[in-house]
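Dear colleague,

I am handing over the structure we spoke about, and I would be grateful if you could look through it before reading my notes underneath.

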Amino acid sequence: MFDSLRVPVIVAPMAGGPTTPELVAAATRAGAFGFLAGGYLSAAGLAEQIDRLRALTDAAFGVNLFVPGVRSTVDIEPYAARLWEEAERYGVSPGTPRWDDDAYSAKLDLVVERRTPVVSFTFGVPIEADIERLHDAGSAVLVTVTSQEEARQAAAAGADGLCVQGFEAGGHRGVFADDATDPAGGPLYGVLAALRLVSAVTDLPLVAAGGLVHGADVAAVITAGAVAAQLGTAFLRADEAGTNPTQRRVLAEAGRPTAFTRAFTGRPARGLVNRFLREHTEHAPAAYPQLHRLTRPIRAAAGSAGDPESMSMWAGQTYQLAGSAAAEEIIELLRSQAREALRRAEGRFG
Ligand SMILES: Cc1cc2nc3c(=O)[nH]c(=O)nc-3n(C[C@H](O)[C@H](O)[C@H](O)COP(=O)(O)O)c2cc1C
C-alpha cells in the first residue's frame, strides 16, 4: 500500500472546504497521494467531486468517509440554550440538532460503484461486510486509529492499512467512541508513540498523521516504520485548497494556540483558539453530529462576515510552520527536506 509513491506523502482528507479535487490532483502530479473528503457531502456532492477529479487526472486517489457512531442520548438542550445569544450576535438561529448518518450508505455505494482505489474511514471501523464489498470492487481500505485497541479492531474487521493519528493532528480525532469523560475523547498519544504502540499489535501497513509539517518529520515517521505520512495542516494554505479566506488569514498571522474542543461539532477536534472555543468548550456535550448541526448557522454566518471568533478553524499543533504555495511546491520541499534530514541522520549513526 502506497509503495509506488514517488514521495511517501498523503494529502489528508479535509472535509468542510479545504479539500478540493484540484488539491488531490496536484498531490498526484507531485508523486504523492490525495484523498477527497466525503464527510458532510451528499452522495451527489461526492460524485461530483470524483467526476471533477477524474477530469483532472487518471491517477489513483482516495475517498474518506465518516463512520456513523451510536446516537448519543445526552440532553443537548442546555447547550442549545447557551447558543441562542451566540446566534443572535450573527442575526441567525441555531440549527436543529438532528442526528443522522452523514448519508453513509449512499456514499459507500458510490465509492464501491466508482471502484475507488483507496477508501479511508474515520470515527470507527466499517462492518466486515462493507470492507468485503470494497475489496470486491478492488479498493484498499484504510482505517484511522488513535490507540492499540482501535488498531486491533480495525485489523480484525479486515482493514488493509491503518492511519495512525497522533494528538498533534488538526481536525477531528478519529476516536471510535467519543469518551465523554475525557476532554480529548480518549487516550492521547503523540504520533511517534502511537506508531510504536500500534506497530506492536499489527503488521498492517501504517500511515502516520499528526503535526507533520517538515520533510524531516516525514522522514522521522518513515524511519519509524510508516509507509507514508498524511499531512493536513501543511496544505491548508496551499493554492489549490478551498480553505476559508478568514481561516487562511488567521493561520498566516500565526498568533493563536490550538486546543481540543467539542464545542463546534460534539466530537473532539483540534482547532485554533477563538472566543467560541474558549466560552463553550467546557459546556459542550459529546453529541456528534447534533452539535455540528446546531452550530452550523452560527459558523456559516461568522464565516460570511469574515469573523474568526465563531468559526471552527481546524489546525494541527505545528500550523505556524506551514506555508502558502502550490501543493506541488510544498510536496517538492518536503521531499528535499526529508532527503537532507536522512543524510544528516545517517551520519550520526556512523
Ligand atoms: C481542516 C481539517 C479537516 C480535516 N478533515 C478530516 C476528514 O474529513 N477526514 C479525516 O479522516 N481526517 C480529517 N482531518 C484530519 C487529517 O486526516 C489528519 O489526521 C491531520 O490533518 C493530521 O494532522 P496535521 O493537520 O497536523 O497534519 C482534518 C484535518 C484538518 C486540519
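The notes below take up the strands, then the ligand, and then the cavity search.

Please keep in mind throughout that this is a predicted model, and that the values quoted here are computed from its atoms.

To begin with the main sheet, eight strands close into a barrel, and following them round gives the order β1-β2-β3-β4-β5-β6-β8-β9, with parallel pairing. Within this sheet, neighbouring strands are turned against each other by 25° on average, if direction is ignored. As one example of the pairing, strand β5, which covers residues 140–145, runs parallel to strand β6, residues 161–165, and the two are joined over four bridges; in this pair, Thr-144 has Cys-163 of β6 as its bridge partner.

Antiparallel pairing is found as well, and β11 takes part in it with two partners, as the next two pairs show. Strand β7, which consists of residues 171–172, pairs with β11, residues 269–272, in the antiparallel sense over two bridges, and here Gly-171 is matched with Arg-270 of β11. Strand β10, residues 258–261, also pairs with β11 in the antiparallel sense, in this case over four bridges, and Thr-258 stands opposite Leu-272 of β11.

Turning to the ligand, the model places 22 residues around it, and the closest are Pro-13, Asn-64, Gly-211, Gly-232 and Thr-233. Which atoms of Asn-64 and of the ligand are 2.8 Å apart? They are an N or O atom in the side chain of Asn-64 and a nitrogen atom of the ligand. Backbone atoms approach ligand oxygen atoms too: a backbone N or O atom of Gly-211 lies 2.8 Å from an oxygen atom of the ligand, while for Ala-15 a backbone N or O atom lies 3.1 Å from a ligand oxygen atom.

Finally, when the whole structure is searched, one cavity of 30 Å³ or more is found, and the space within the largest cavity comes to about 30 Å³. Its lining is formed by Leu-65, Phe-66, Asp-101, Asp-102, Tyr-104 and Lys-107, of which three are nonpolar and three are charged, with no polar residue in the set. Which elements each supply at least two residues of this lining? They are strand β3, residues 62–66, and helix α4, residues 104–113; β3 is also one of the strands of the barrel described above.

With best regards

Methods
Residues are numbered from 1 along each chain as its sequence is written. This is a predicted model: local features need pLDDT of at least 70, side-chain atom pairs count only at pLDDT 80 or more; totals for chains, interfaces and linings use all residues. Side-chain values use heavy atoms; hydrogens and water are left out. On a 1 Å grid over the protein atoms alone, a cavity is a set of points where a 1.4 Å probe fits but cannot get out, and a pocket is an open set with protein on both sides within 12 Å along at least five of seven lines; lining residues have an atom within 4 Å of a point. Grid points are joined across faces, edges and corners, and a volume is the space filled by probe spheres set on the points. Ala, Val, Leu, Ile, Met, Phe, Trp, Tyr, Cys and Pro count as nonpolar, Asp, Glu, Lys and Arg as charged, and the others, Gly among them, as polar. Two strands pair if DSSP finds at least two bridges between them. Axes are lines fitted to C-alpha atoms, for helices over the stretch in contact, and angles run from 0 to 180 degrees between N-to-C directions. A residue is near a molecule or strand if one of its heavy atoms lies within 4 Å of it. A polar contact is a pair of N or O atoms within 3.5 Å; within protein, one must be able to donate a hydrogen and the other to accept it, and residues adjacent in sequence count only if both atoms are side-chain atoms.
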